[in-house]
Amino acid sequence: MSANKFTTYDQIGKKEDVSDLITNLAPSDCPFTSLIKNEKVKARNYEWQEDDLAAADVNAHEEGADAPVADQSPTTMQTNTTQILMKSVKVSGTADAVSTYGRAKETAYQLGKKLKEIKRDYERACIGADTTMVDVDESTARKFKSASQMINTAVDAGTNAAGTGDALTEAKLLELGQQCYENGSEPTTLMIKPADALLVADFASGSARTRDLTNSKTIVNAIELLVTPFGEYRVVINRHQDPSRAFLIDPAMWSTTTLRPFTRTLLAKDGDNDKHLIVGEVGLKHKAFVDSGMIEELS
């Protein structure tokens with residue numbers, strides 16, 4: 001204490017000033033899995049069939065002709081597997097008993113965090129990784145095929161001057177859209193990484209396109225809907241997707257396959273703490289591999 005004054009540095013028993021909230025800016029949105037349906041499956045490996053029509057051809061016969069030679073083709077069987085996702089929480093009895101800022105109980109807060117983390121892990125497994133199906137034995141973790149492994153229609157972005165993947169362009173998107181249209185598919189969503197949203201916004205800067213800002217004080221530099229000769233595509237940004245790809249998808253043709261819904265189980269006590277396990281078993285299905293498309297090898 002100084003000779004002439006008493007300051008807060010000398011005080012004992014000062015009250016803490018802690019905001020009664022917790023800020024967490026980590027993104028928890030999962031655009032791909034939020035758009036698709038959920039479907040119940042009853043086995044870890046599940047199958048579905050695809051079929052196609054013969055290409056349109058000349059079909060003209062002379063009067064009184066015999067029946068043409070029968071020409072049938074079998075269906076195509078597709079398969080995928082379920083993947084077990086889990087997280088655990090272990091909190092001491094004291095940690096749940098003490099008063100805390102920003103949450104009522106530590107266990108409830110930690111469980112909420114883990115559920116969001118699992119959701120992001122599933123999103124990444126679906127569209128953020130290029131994963132082949134893994135189902136070997138009981139000592140190997142199963143993995144389901146990612147979206148990129150269930151899309152047969154693809155356009156290569158090409159290479160830039162440095163010899164690496166090129167940037168997303170409107171021309172490449174239209175090329176992919178044409179292929180999807182010729183396949184008979186009707187994609188409705190263009191899913192892109194955040195950096196590519198800037199490139200898509202630039203699609204509107206072509207010489208034949210103008211923006212009227214005469215009576216507006218707001219500049220809008222974002223594209224939410226692309227109207228192309230091959231369909232209308234809603235533009236969705238995804239933080240978790242593979243940055244080397246852009247996806248053109250029809251969400252109605254995709255589904256989350258659930259063998260075991262996510263549940264929370266209180267595990268047996270072995271001390272002064274509570275242990276909780278969150279576990280579920282899910283996979284991914286694309287009903288027709290030629291339906292959606294993707295641009296690959298993007299920078």
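Which residues of the largest nonpolar core touch the most other members? In this predicted model, they are Phe32, Tyr122, Met191, Phe247, Trp254 and Leu284, out of 29 residues in that core.

**The two cores**

Several elements help to build the largest core: strands S2 (45–50), S4 (83–92), S9 (246–249), S10 (254–266) and S11 (273–286), together with helix H3, each supply at least two residues. H3 gives the largest share, with six residues. To get a feel for this core, try finding Phe32 in the structure. Not counting residues up to four places away in sequence, Phe32 touches eight partners that you can look up one by one: Glu123, Cys126, Ile127, Met191, Asn238, Ile249, Trp254 and Leu284. There is also a second, separate core of 17 residues, which includes Ala157, Leu168, Leu173 and Tyr233.

**A closer look at H3**

Gln110 is one residue of helix H3, which spans residues 106–128. Is Gln110 buried or exposed? Its relative accessibility is 19%, and the cut-off for buried is under 20%, so Gln110 counts as buried. Its side chain makes a polar contact of 2.7 Å with the side chain of Glu106. Leaving aside neighbours within four places in sequence, Gln110 is in contact with Val89 and Val91.

**The six-stranded sheet**

Now let's turn to an open sheet of six strands. Its order is S5-S12-S9-S6-S8-S7, and the pairing is mixed. Strand S5 (153–156) and S7 stand at the edges with a single partner strand each, so one side of each has no neighbour in the sheet. On average, neighbouring strands are turned by 20° against each other, direction ignored. Inside the sheet, S9 and strand S12 (residues 293–296) pair in the antiparallel sense over three bridges. Leu248 stands opposite Gly293 in S12.

**Helices across the sheet**

Two helices lie across strands of this sheet, as the table shows.

| Helix | Strands it lies across | Angle |
|---|---|---|
| H4 (residues 170–183) | S5, S6, S7, S8, S9 and S12 | about 160° to S5 |
| H5 | S6, S7 and S8 | about 125° to S6 |

H5 covers residues 194–201, and its buried residues are Asp196, Val200 and Ala201. Seen down the axis of H5, these buried residues fall within an arc of 150°, so they line one face of the helix. A general rule is handy here: an α-helix has 3.6 residues a turn, so residues three or four places apart point the same way. The buried residues of H5 pack against strands S6 (189–192), S7 (225–228) and S8 (231–237).

Technical notes: Residues numbered from 1 in each chain as written. Predicted model: local features only at pLDDT ≥ 70, side-chain atom pairs only at ≥ 80, totals over all residues. Heavy atoms only, no water. Buried < 20%, exposed > 50% of the residue type's maximum accessible area, 1.4 Å probe, protein only. Helix = DSSP H or I, 4+ residues; strand = E, 2+ residues; numbered from the N terminus. Arc of directions from axis to C-beta. Contact = heavy atoms within 4.5 Å. Polar contact = N/O pair within 3.5 Å; in protein donor to acceptor, adjacent residues only side chain to side chain. Core = buried A, V, L, I, M, F, W, Y, C linked by side-chain atoms within 4.5 Å. Pairing = 2+ DSSP bridges. Axes fitted to C-alpha atoms, helices over the stretch in contact; angles between N-to-C directions.
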